[in-house]
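This report looks at one sheet and at the surroundings of one residue. The sequence and the structure follow.

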Amino acid sequence: MDTASSNVSQTLQLLKGKHVLITGTTGFVGKVMLEKIMRTVPGIGGVYLVIRGNKKHANAGSRFANEIATSSVFEHLKLNSASYFNDFCDNRIHCISGEISEPQFGLPRSEFRALAGKIDAIVNCAASVNFREELDRALAINTHSLRNIVELSDIAGNIPVIQVSTCYVNGFNKGPIHETVVKPTRGELTQHKSGYFEVCSLIEELESKIADVHSKYQGKELKSQLIELGIREANALGWNDTYTFTKWLGEQILLKSLRGYSLTLLRPSIVESTLNEPAPGWIEGVKVADAILLAYAKEKVSFFPGKRSGVIDVIPADLVANSILLSLAEQFKTPGNHHVYQCCSGGANPLTLGTFIDHLMAEAKENHGAYDKLFARRPRKPFIAVNKRLFNAITLCMSFVLLIASQTLGKLGWKRSLKARRNLDAAISLSTIFSFYTEPEYTFHNDKLINLAKRMGPADQALFPVDARAINWEHYLRKVHMAGLNCYALKGKSQTATNRKIVATSQKQAA
């Protein structure tokens, strides 16, 4: 029987009895995917979670129980099937205390080999998504750690690997961006006939430069120098930031090391709150677009560098989780192949920055009272996207004026910092990190992912939707996403805590 033409889900059949190792479930996408598995794939054999201990919870089991299992992402499941949820956690969740960036996850060799013997597939969601991370740390987490994934897969018998990457490994490439291996826009790197780029010598050069920085600096200056080194090296080869650069390097390691074996690179774009599951608008933390929205809501930023006609590629997290599970099922169905899929909206259902701003501002003006954690009052100023050169000119002039004003007030005995100066600094800080994403000169396409969903059949298209054409942007942005931010991301936050969140997000983009 051809299950693709029936009402039987191929994904549920293919995942039945399988044991899957997942990294990164303390992060946003990882939690959404784990919840989807627990709720929708009851036949799965087991889920192994590699979790690093922290100051509050020394081991993986404690951290899972207190930071993951208690997440609001599981509210729907607990409300409707509490006994099933508890039974799943007790009997089919297996927590491994490990650090993905350490050799063999920091496990003894015997435990690492034993783990390999228990699993049928690996889904790697772990990453440092800090756009301005120290280069050594970014390399350790986003690049070198994948050698552990390769080794584990090899010991287990070359089992499928799903690598959650990002559409933005495409760097400074312009125009239509399709699902293929990415060529750097700058520099000279050798491309193998199999498609991947040779990066071993490049990584060695980066490590040498890192060692040189370590020999010259220490403390805060060391951190600053490593951050700047990462940005310089990324820019020199055609990437905006250290995160996307090191994720691209990681892709090359996997493509080379797993030649002839089962590998899928799954690249989401800007992941935002869920469209439907497990609840519309579920989100954790503040994402790329939200940092700017929050700064505007708190009257810190009213203009920002951006291209109103540019397609800002936003994708709900549940569509990403579904894409991961479909691609995993495919690898069990037809193993031994390499696939690249982009989970995105730009090609099929484009959302321009101008439309994005207009919908959010309209909702803010009409219904600001419904979002008490976002807005203290009705916004008094419009949010304006301007050309980056104009933005830089305006901020330069404002900086000069505020400097003169500050000096004058200082002579008069006024010691307090000017609010305008703080707000300008916030705008400049956000611009430094995020302006690349608000001035897009590219459009992501995902025809291959949509074709995968079609091949899997109508049952899987219903259970695991991935098509962004289902999104009504006005409804999603105004009634789903903003409500989710207010309910989940800022739940229980005071105004002061929210302001701190904005500042923190300008330094680190949360997963």
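Helices of at least four residues and strands of at least two are DSSP runs, numbered from the N terminus. The model described here is predicted.

## The sheet

In this predicted model, 7 strands form an open sheet with parallel pairing, and their order is S3-S2-S1-S4-S5-S7-S11. Strand S3 (93-97) and strand S11 (338-343) are the edge strands, each of which pairs on one side only. Direction ignored, neighbouring strands of this sheet are turned against each other by 15° on average.

Strand S7 (residues 263-268) runs parallel to S11, and 6 bridges join S7 to S11; Leu266 has Tyr341 in S11 as its bridge partner. Helix H10 (residues 242-257) lies across S7 and S11 as well as strand S5 (161-164), and H10 runs at about 165° to S7.

## Thr274 and its surroundings

Thr274 belongs to the loop that lies between strand S8 (270-272) and helix H11 (288-297). With a relative accessible area of 0%, Thr274 is buried, because a residue counts as buried when this value is under 20%.

The side chain of Thr274 has a polar atom that lies 2.5 Å from the backbone oxygen of Ala279, and the side chain of Thr274 also reaches the backbone nitrogen of Trp282, at 2.9 Å. When neighbours within four places in sequence are left aside, the residues in contact with Thr274 include Ala279, Pro280, Gly281 and Trp282, and, elsewhere in the sequence, Val32, Pro316, Ala317, Asp318, Tyr476 and Val480.

Technical notes:
Residues are numbered from 1 along each chain as its sequence is written. This is a predicted model: local features need pLDDT of at least 70, side-chain atom pairs count only at pLDDT 80 or more; totals for chains, interfaces and linings use all residues. Side-chain values use heavy atoms; hydrogens and water are left out. Buried means under 20% relative accessible area, exposed over 50%, partly exposed in between (1.4 Å probe, protein chains only). A polar contact is a pair of N or O atoms within 3.5 Å; within protein, one must be able to donate a hydrogen and the other to accept it, and residues adjacent in sequence count only if both atoms are side-chain atoms. Contact means heavy atoms within 4.5 Å. Two strands pair if DSSP finds at least two bridges between them. Axes are lines fitted to C-alpha atoms, for helices over the stretch in contact, and angles run from 0 to 180 degrees between N-to-C directions.
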